[in-house]
Amino acid sequence: MPRPAALLAATLVVPALLVGAWAWIGLGGRIERLEQDEQRRATEVLTERHALLVTKLRAEQDHMTVLSLDERGRVLGPFAEDPPAGAAVGFERSAAARIGLELEARGQGVEALPFLEAAAMAGTEDATQRLARARALLAAGRGEAALTALEDPTPLPDGDPLPWATRRLWLEIHVLAELGRTSEAQGLRTRAHCFDLRLPLRAAEAFELVCAAQLGPARAPIDKERFLTTVRGATLLEAVPIPTERQLVEVPGGGLLLRLAQDRFLVVPQGVLRAQLRYAVGPGDGWEVRTSDEASGGDDAARLAVPGLGADLVAVPDGTPESALLSGLGRGLLWLALLVFGAGNLLVWRTLRREERLARLRSDFVDLVSHELRTPLTALSLKAEMLAHGEVPPAKVPEYQLGLLAEVRRLSGLVASVLDFARLEKGRARLERRRVAARSLVAEGLREARPALELGGQRLEVDAPRELPEVEVDVELLARALCNLIENAAKYAPAGSTIRVTAGVVDGRLRLAVADEGPGIPRAERDRIFEPFARGRAHAAIPGTGLGLALVRQAVEAHGGTIAVEDRLPHGARFVVELPTGAAA
């Protein structure tokens with residue numbers, strides 16, 4: 001099979017095999033089955049970790065609040081009971097008490113104070129009057145007296161929907177804050193958070209809002225969080241019936257209720273829940289469990305919502321899962337198929353172009369060589385026939401013989417050029433090196449080129465100093481190369497012009513230059529003219545094989561040298577050859 005055809009077949013077959021492998025992996029269901037297995041295992045891991053978390057929370061109930069429901073669905077817990085209905089005393093408030101309460105309600109505490117103190121002296125002060133008198137004392141700038149008033153024995157009930165202890169605690173914290181005794185106020189707040197000072201459920205959250213406005217952040221945030229979670233959880237239990245099958249109930253604002261029995265719930269603040277997460281998160285069994293706010297987006301295989309946490313539990317593969325490896329392999333095969341297809345087609349295209357170029361070169365070679373051979377052969381044949389038949393006058397026989405000799409030499413030079421170029425291009429030429437003076441090398445090239453100079457009618461100038469060094473070269477090959485440069489100059493330079501040959505040493509290298517006064521070589525063609533059978537477009541009509549400059553480059557490079565073409569001012573071209581002067585050339 002020809003090489004381009006084999007490359008083309010490989011370019012089509014190999015990508016097809018790779019695409020088939022990708023389709024088998026990606027579309028054959030293997031990746032999907034692996035992903036399903038990984039999803040199932042991740043879900044099992046999350047379920048196990050979640051169950052472990054719940055078990056640990058149940059074991060910590062001694063350090064958390066427990067809420068129970070009675071048969072009426074009311075919460076039994078660390079809250080004060082509301083006062084029973086109809087608890088107000090059956091007496092009429094005095095006129096002084098009514099006036100004092102009215103003035104204090106309008107914000108005239110100083111004016112109300114004498115009336116409220118007069119009513120207190122009568123010995124029939126109820127809870128509402130006591131609180132109003134304490135506020136009036138505070139308004140009058142008598143904060144310590146207000147605190148003393150709140151410390152008196154419990155006053156008479158007044159039928160207010162909130163217990164006296166709750167209202168007094170509220171006002172006491174307010175008075176302490178106004179007096180700048182914030183530490184004492186924070187202490188009362190903390191005792192309330194720990195349920196040492198029992199508050200009714202419906203007033204507990206409002207109590208904390210008032211404290212936050214007056215005192216700022218709580219001194220013990222953990223106690224505050226447990227207090228609010230307990231209040232909100234108890235409110236939720238009284239407001240909404242919780243189905244028996246629900247073991248975890250999310251509390252608004254964070255935290256959860258964990259069912260211990262049918263009507264008993266453990267209050268788990270969000271901070272406690274996050275602290276206990278250490279039993280649920282971490283590596284193990286090929287998976288790492290994290291919270292969703294710690295896991296990077298998109299790399300989780302399964303999620304499990306945890307009520308009250310504010311985040312999900314996420315199972316992340318501990319390493320690269322098999323499905324991802326297989327999927328990556330499939331994508332790699334697809335990209336490799338595209339790469340092989342593209343690179344193969346590029347290689348085929350370059351190979352076909354090379355074959356086309358070689359075919360064109362062969363055709364050009366046949367055309368050029370046949371044309372160059374036909375002319376001397378025709379002349380040889382004609383002159384030989386005339387001599388053989390005695391048609392040449394005796395006086396002209398020597399002239400015809402010299403013509404035969406010149407045509408034979410021309411043919412021999414053409415054949416030698418073709419053979420030398422073929423050997424050099426294939427690397428088969430064996431250089432017969434010998435050490436000679438550089439002037440002798442130049443002289444040999446000039447001797448071979450003299451017939452071309454005589455035929456073209458150009459003048460020759462040579463500048464080759466006697467002190468030129470010796471070089472170790474193949475004299476015949478380089479002399480023919482120099483001859484080709486001179487003949488090339490003689491071919492394109494006008495008759496009567498000067499061809500200048502110079503030799504010298506530059507940077508330790510022998511430099512030979514041939515300059516003419518011809519039309520020059522365009523920059524666009526300076527690299528192409530050294531290729532075999534390539535000729536300048538403007539001089540295609542001048543006879544030639546296109547091998548001369550190609551042979552020069554091959555000969556120079558075989559000796560480790562370089563060749564370049566330059567402009568010669570004001571017109572013409574200058575070919576420069578540089579050769580090493582050492583023995584290793």
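By contact I mean heavy atoms within 4.5 Å, and with that in hand I can start with the chain as a whole, which is a predicted model. Among contacts between residues at least 6 apart in sequence, 67% join residues at least 24 apart. The chain has 585 residues, of which 41% count as buried, and its secondary structure comes to 16 helices and 16 strands.

Let me turn to the nonpolar cores. The largest of them holds 49 residues, and the members that touch the most other members are Leu 169, Ile 173, Phe 207, Phe 227 and Leu 237. Helix α5, residues 127–139, gives the most to this core, with 7 residues. If we take Phe 207 and leave aside its neighbours within four places in sequence, we find Phe 207 in contact with Leu 169, Trp 170, Ile 173, Ala 192, Leu 199 and Phe 227, and also with Arg 189. A second core, separate from this one, has 41 residues, and Val 475, Ile 486, Val 552 and Ala 573 are included in it. As background, nonpolar side chains in soluble globular proteins tend to be buried together.

Now to α5 itself, where a check on the geometry is possible. At 1.5 Å a residue, the 13 residues of α5 should span 18 Å, and because the C-alpha atoms at its ends are 19 Å apart, the model agrees with that expectation. This helix is mostly covered, with 10 of its 13 residues buried. The buried set includes Leu 131, Leu 137 and Leu 138, several alanines, among them Ala 127 and Ala 136, and also Gln 129, Arg 130 and Arg 133. What do the buried residues of α5 pack against? They pack against four helices, namely α3 (95–105), α4 (109–121), α6 (143–151) and α7 (164–178).

The second core brings me to Val 552, which is one of its members and is found in helix α16. Val 552 counts as buried because its relative accessibility is 1%, where the cut-off for buried is under 20%. Not counting residues up to four places away in sequence, Val 552 touches Ala 481, Asn 484, Leu 485 and Ile 563.

Val 552 also belongs to the lining of the largest cavity, together with Leu 441, Leu 478, Ala 481, Leu 482, Leu 485, Leu 512, Val 556, Val 577 and Leu 579. Two of these lining residues, Val 552 and Val 577, are 25 residues apart in sequence, while their C-alpha atoms lie 9.3 Å apart in space. How many cavities of 30 Å³ or more are there? The count comes to 1, and the largest cavity has about 80 Å³ of space. By class, its lining has 10 nonpolar residues, with no polar and no charged ones. Three elements, α15 (475–492), α16 (548–558) and β16 (573–580), each supply at least two residues of that lining, and α15 gives the most, with 4 residues.

I will finish with a histidine, His 50, which is found in helix α2, residues 30–59. Is His 50 buried or exposed? Its relative accessibility is 16%, and therefore His 50 counts as buried. Leaving aside neighbours within four places in sequence, His 50 is in contact with Leu 248, Leu 304 and Val 306.

Definitions and conventions: Residues are numbered from 1 along each chain as its sequence is written. This is a predicted model: local features need pLDDT of at least 70, side-chain atom pairs count only at pLDDT 80 or more; totals for chains, interfaces and linings use all residues. Side-chain values use heavy atoms; hydrogens and water are left out. A nonpolar core is a set of buried Ala, Val, Leu, Ile, Met, Phe, Trp, Tyr and Cys residues joined through side-chain atoms within 4.5 Å. Buried means under 20% relative accessible area, exposed over 50%, partly exposed in between (1.4 Å probe, protein chains only). On a 1 Å grid over the protein atoms alone, a cavity is a set of points where a 1.4 Å probe fits but cannot get out, and a pocket is an open set with protein on both sides within 12 Å along at least five of seven lines; lining residues have an atom within 4 Å of a point. Grid points are joined across faces, edges and corners, and a volume is the space filled by probe spheres set on the points. Ala, Val, Leu, Ile, Met, Phe, Trp, Tyr, Cys and Pro count as nonpolar, Asp, Glu, Lys and Arg as charged, and the others, Gly among them, as polar. The expected span of a helix is 1.5 Å times one less than its number of residues.
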